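Welcome! Open your viewer, get your selection tool ready, and follow along one stop at a time.

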Amino acid sequence: MVIIGIVGAQCSGKRTVADLLGSSGFLLRDLRTASWDVVLGEVQNSPAANWVVFPVHSRAHSAFCGFTFYKLLWVDAPTSVRYTRYTAARVTISLQEFVSLDDQSDFGSDYSLRSAATRVVNSGSREELSERLKRLPQTCKSMRKAWDSFYMGFARQAARRSNCMKSPVGAVVVKDSHIISCGYNGTPTGLRNCIEGGCGRCNENSSQGKHLDKCYCVHAEVNSILYAGRKQCQGGTLYATMKPCLNCAKTLVQVGISRIVYLEDYSDPDSTALLTAVGVALVMLEPDNNPYLV
């Protein structure tokens with residue numbers, strides 16, 4: 001069962017998106033005319049069906065988040081486009097009046113749902129929109145995260161624990177489809193956190209790659225392998241939110257890491273040259289949380 005929830009501004013094309021998905025086999029439910037409790041009961045009792053529910057409110061979103069294969073779409077279009085659609089279908093009002101009316105609905109109680117949604121820009125033809133919607137996952141299998149994206153999610157969470165002033169970085173060591181260890185960058189145990197002034201180099205706002213010999217912070221990659229040990233790391237994959245620097249690269253080679261997956265590039269050609277020379281696979285992962293359907 002795949003559930004697609006739809007939110008969006010006035011005249012953005014929520015119904016159009018719902019109809020296009022309906023033409024590919026989804027069952028449509030409009031919460032403006034249907035009881036939410038009834039819709040939820042239908043969804044719960046029909047696990048083999050695919051559903052489109054719109055416009056989703058916060059209560060519906062909270063309930064659907066309990067389902068594994070749920071995706072929220074935020075349908076949007078430029079104000080001028082939506083104004084033209086509005087005046088073509090309703091009594092003519094000025095653009096200023098439309099903006100005022102738009103603000104009243106746009107910044108309501110469900111505005112926070114935008115941050116959880118994938119943005120669908122609907123400013124062109126119906127045919128163009130239909131082609132773009134075909135890229136949406138329409139089966140449970142296609143909605144499951146790939147392994148690299150799955151493990152990178154843990155690295156990104158680890159980065160949120162970083163205490164480094166410069167660049168929060170997280171790293172995870174994986175072997176045989178199991179997480180061996182994780183780490184984040186920051187000052188050594190017993191020293192003041194970098195964000196509290198523990199590292200002079202970071203707090204002086206030095207340029208990337210400069211004066212690293214004066215940096216007190218331990219990098220995320222090193223922290224992750226220190227806790228794992230060489231025996232555990234051999235043949236494993238390191239997932240890091242940033243490509244390793246030269247010093248980290250040398251250490252990773254020594255503990256036997258065979259593959260490195262990273263999100264953000266790091267301008268250190270020596271690191272790339274070293275890892276390539278010894279046969280460590282380097283993979284730059286495209287982020288899977290792009291707010292646009294492209």
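**A tour around one sheet**

Begin by selecting Val172 and Cys182: in strand β7, Cys182 is the bridge partner of Val172. Keep in mind as you look that this model is predicted.

Now widen the selection to strand β6, residues 170-175. Strands β6 and β7 run antiparallel, and six bridges join them.

Next, show the whole sheet. In which order do its five strands lie? Reading across, you meet β7-β6-β8-β9-β10, in an open sheet with mixed pairing. The edge strands are β7 (178-184) and β10 (281-284), and each of these pairs on one side only. Turn the view a little: on average, neighbouring strands of this sheet are turned by 20° against each other, direction ignored.

Time to add a helix. Select α10, residues 220-228, and you will find this helix lying across β6, β7 and β8 (237-242). Against β7, helix α10 runs at about 135°.

Let's go back to Cys182. Is Cys182 buried or partly exposed? Cys182 counts as partly exposed because its relative accessibility is 45%. Why does its sulfur form no bond with Cys233? The sulfur in Cys233 is the closest cysteine sulfur, but it is 12 Å away, so the distance is too far for a bond.

For the last stop, pick Cys215. The nearest cysteine sulfur belongs to Cys199, 3.8 Å away, and Cys215 is in no disulfide; the cut-off is 2.5 Å. Cys215 is buried, with a relative accessible area of 16%. By this rule, the count of disulfides comes to zero.

Technical notes: Residues are numbered from 1 along each chain as its sequence is written. This is a predicted model: local features need pLDDT of at least 70, side-chain atom pairs count only at pLDDT 80 or more; totals for chains, interfaces and linings use all residues. Side-chain values use heavy atoms; hydrogens and water are left out. Buried means under 20% relative accessible area, exposed over 50%, partly exposed in between (1.4 Å probe, protein chains only). Two strands pair if DSSP finds at least two bridges between them. Helices (H or I, at least four residues) and strands (E, at least two) are DSSP runs, numbered from the N terminus. Axes are lines fitted to C-alpha atoms, for helices over the stretch in contact, and angles run from 0 to 180 degrees between N-to-C directions. Contact means heavy atoms within 4.5 Å.
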